[in-house]
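Q: I've got a structure to go through and a few quick questions about it. Can you take them one at a time?

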Amino acid sequence: MEELKNNFIHDIIDADLAENPELKIHTRFPPEPNGYLHIGSAKAIWINAMTAKKYGGLFNLRYDDTNPAKEDNEYVESIYRDLKWLGCEPSGGVFYGSDYFDKCYEYAIKLIKDGKAYVCDLSADEMREYRGTLTEPGKNSPYRDRSVEENLDLFDRMKNGEFPDGAKTLRAKIDMASSNINMRDPAIYRIVHTDHHRQGSKWCVYPLYDYAHPIQDALEGITHSLCSIEFENHRPLYEWVIDNIGFEAKPKQREFARLNVTHTVMSKRYLRQLVETGLVDGWDDPRMPTLCGLRRRGYTPASIFDFVSRAGVAKAYSVVDYELLEHCIREELNTTANRKIAILKPVKVTVTNYPEGKVEYFDLPNNPANPEAGTRKVAFTRELYIDADDFAEVPPPKFFRMKPDGEVRLMGAYIVKCNEIVKDSYGNITELLCTADLETGNGNPADGRKIKGTIHWLSRSFAKDANVMLYDFLFDIENVADIPEGKTFDDYLNRNSVTKIEGCKIEPELADAEAGSRYQFVRTGYFVKDTKYENTFNRIVGLKDSFPKK
């Protein structure tokens, strides 16, 4: 796993350890199980897991399952599966926010008895109206001064299901004139008559995140609650909950900038919409920024963490170029992925001076970047396939591939010359008739003539059929945060983000390759055998790397 470089978070921890050398660092990752994790989640996982590892501490997974209306066990299982795939299994254990519902309720009773919480009858719209603005203070709820006894009675009746959804909330009594809107008597409990995926119908009231999260951290012994920057203004409320409940150990919340990537969106709500409307092939569609989508696309944990590491840990907002992610996987696969031949647009070639029925084998390197990968034998016969893009009937200038009366090297094998073009009644090319310089083998011509072009090929007798999926960006716009007013994500969805090519030809070994195995298709790109559909290969990334080298 990519090491976490020193950053401002570690400066904070180093200062805490200097003050308290016995402090055992303990971090957590608290996803809400209402969707699949995405690459932005990978940054939070990486920071928390690697920070714990660096300091010899513990790392918890805690499902933030406090909103039963949106959560599902499908997401619970997918989150753990993704963490395991990333190599970040929680060393401190797996926990559920719902396991702390009794404690959260107990502490809410304490706050009511201490005069620090009250039941409010304002509707959601009325609460927004009473809250005030960034420049104007809020005003007190007319229910703010209810007695402790009345609040205890009403809260108990809320718990017992006597009131409909939205009829009442339990609010912290803090300061309606605070400069921080989050401190203006925030709701800490709401009524939800929905069964919970783990608690069933036990509860009719559920704690809100800003109240439940600090309690969960404190109960688990979390020392540093590392979260994204949008929670920075919520930190005073986090600390208020810790202080007013009376926890001795006080976890410290600190925030970092979220990971924003060009040409994609991290909104789970919108990603769910794409899935539910059938615009993508599920949460694991290879165009999706989800970890399961990236996994199916062929990305590796190492490449994702390399990307996150290069993007850096800071507090300032930034958008990272998707090409950096492509660079990371391309750099890894250049040394690890074996080379194979695939013909995406096959055209029949007959070598007319090669004996019918004869088969010979040429040795081709499995990976020129890794000599230890060895070689493989590729069958050569009279009838072959080449790619249509490697032939031009009327070649442009400096075209060094196959052309009429021109010679070209068949990669690792003979030099051939195109003598005749066979077409159907519609004028489509159906076959190329060539002759081979049978003295060349995979060597140079005896007369010293220079052959500038080399193309890949396969035996027509031995090649297998396959489908190939080519993917492009899911969104046409580079920075989805710059969508103009009045426009939506839908307006910039790339409707041509996937191309399926059927009838491709591949080396026979690829037909039996394990799903998820990665290869470089020579002169074409890096591909992975799909884990969802048989006989299908997904392009991970092309061969060309346009990301600037440093």
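A: Sure. This is a predicted model. Start with a helix pair: the axes of helix α11 (residues 301–311) and helix α12 (residues 322–336) come within 9 Å and cross at roughly 135°.

Q: What does that make α11 relative to α12: parallel, perpendicular or oblique?
A: Oblique. An angle of roughly 135° falls short of the cut-off for roughly antiparallel, which is over 145 degrees.

Q: Is the crossing of α11 and α12 left-handed or right-handed?
A: The α11 and α12 crossing is right-handed.

Q: Which residues make the contact?
A: From α11, they are Ala302, Ser303, Ile304, Asp306, Phe307, Arg310 and Ala311. From α12, they are Leu324, Leu325, His327, Cys328, Ile329, Glu331 and Glu332.

Q: How does the contact of α11 with α12 split by class?
A: Eight residues are nonpolar, two are polar and four are charged.

Q: Let's zoom in on Cys328. Where is it found?
A: Cys328 is in helix α12.

Q: Is Cys328 buried or exposed?
A: Buried. Cys328 has 2% relative accessibility, and the cut-off for buried is under 20%.

Q: What is Cys328 in contact with, leaving aside neighbours within four places in sequence?
A: Ser303, Asp306, Phe307 and Arg310. Those four also appear on the α11 side of the α11 and α12 contact.

Q: How far apart are Cys328 and Ser141 in space?
A: 54 Å, C-alpha to C-alpha. In sequence, Cys328 and Ser141 are 187 residues apart.

Q: And Arg330, where does that lie?
A: Arg330 is in helix α12 too.

Q: An arginine, then. Is Arg330 buried or exposed?
A: Arg330 counts as buried, at 8% relative accessibility.

Q: What does Arg330 touch, not counting residues up to four places away in sequence?
A: Tyr526, Val541, Gly542, Leu543, Lys544 and Asp545.

Q: Switching to the core. Which residues of the largest nonpolar core touch the most other members?
A: Phe29, Ile39, Leu83, Leu294, Tyr299, Phe307 and Ile540. That core has 50 residues.

Q: Which element gives the largest share of this core?
A: Helix α2 (residues 39–54), with nine residues.

Q: Where is the other core, and how many residues does it have?
A: It lies apart from the largest one and has 36 residues. Among them are Cys104, Met183, Tyr238 and Val241.

Q: Back to Ile540. What is Ile540 in contact with, leaving aside neighbours within four places in sequence?
A: Arg297, Gly298, Tyr299, Ile329, Leu333, Arg518, Tyr526, Phe527 and Val528. Tyr526 is also touched by Arg330.

Q: OK, α2 and α11. At what angle do they pack?
A: About 75°, with their axes 10 Å apart. That makes α2 roughly perpendicular to α11.

Q: Which residues make that contact between α2 and α11?
A: Ile39, Ala42, Lys43 and Trp46 of α2 meet Ile304, Phe305, Phe307, Val308 and Ser309 of α11. By class, seven are nonpolar, one is polar and one is charged.

Q: Is Ile47 buried or exposed?
A: Ile47 is buried, with a relative accessible area of 1%. Its place is in helix α2.

Q: What separates the C-alpha atoms of Ile47 and Val308?
A: 9.2 Å. Along the chain, Ile47 and Val308 are 261 residues apart.

Q: Now α4 and α6. How do they pack?
A: Helix α4 (residues 101–113) and helix α6 (residues 148–159) pack at an angle of about 160°, with axes 9 Å apart. They are therefore roughly antiparallel. The crossing is right-handed.

Q: Which residues are in the contact of α4 and α6?
A: Tyr105, Ala108, Ile109, Ile112 and Lys113 come from α4. Val148, Asn151, Leu152, Phe155, Asp156 and Lys159 come from α6. That gives seven nonpolar, one polar and three charged.

Q: Last topic, backbone angles. What is phi of Asp405?
A: Positive, about 65°, although Asp405 is not a glycine. Asp405 lies in the loop between β17 (383–387) and β18 (407–410). It counts as exposed, at 57% relative accessibility.

Q: And what is phi of Arg523?
A: Near 65°, again positive in a residue other than glycine. Arg523 is in the loop between β25 (518–521) and β26 (525–529). It is partly exposed, with a relative accessible area of 38%.

Terms used. Residues are numbered from 1 along each chain as its sequence is written. This is a predicted model: local features need pLDDT of at least 70, side-chain atom pairs count only at pLDDT 80 or more; totals for chains, interfaces and linings use all residues. Side-chain values use heavy atoms; hydrogens and water are left out. A nonpolar core is a set of buried Ala, Val, Leu, Ile, Met, Phe, Trp, Tyr and Cys residues joined through side-chain atoms within 4.5 Å. Buried means under 20% relative accessible area, exposed over 50%, partly exposed in between (1.4 Å probe, protein chains only). Helices (H or I, at least four residues) and strands (E, at least two) are DSSP runs, numbered from the N terminus. Contact means heavy atoms within 4.5 Å. Axes are lines fitted to C-alpha atoms, for helices over the stretch in contact, and angles run from 0 to 180 degrees between N-to-C directions. Angles under 35 degrees count as roughly parallel, over 145 as roughly antiparallel, 65 to 115 as roughly perpendicular and the rest as oblique. A crossing is left-handed if the near helix is turned anticlockwise from the far one by less than a right angle, and right-handed if clockwise. Ala, Val, Leu, Ile, Met, Phe, Trp, Tyr, Cys and Pro count as nonpolar, Asp, Glu, Lys and Arg as charged, and the others, Gly among them, as polar.
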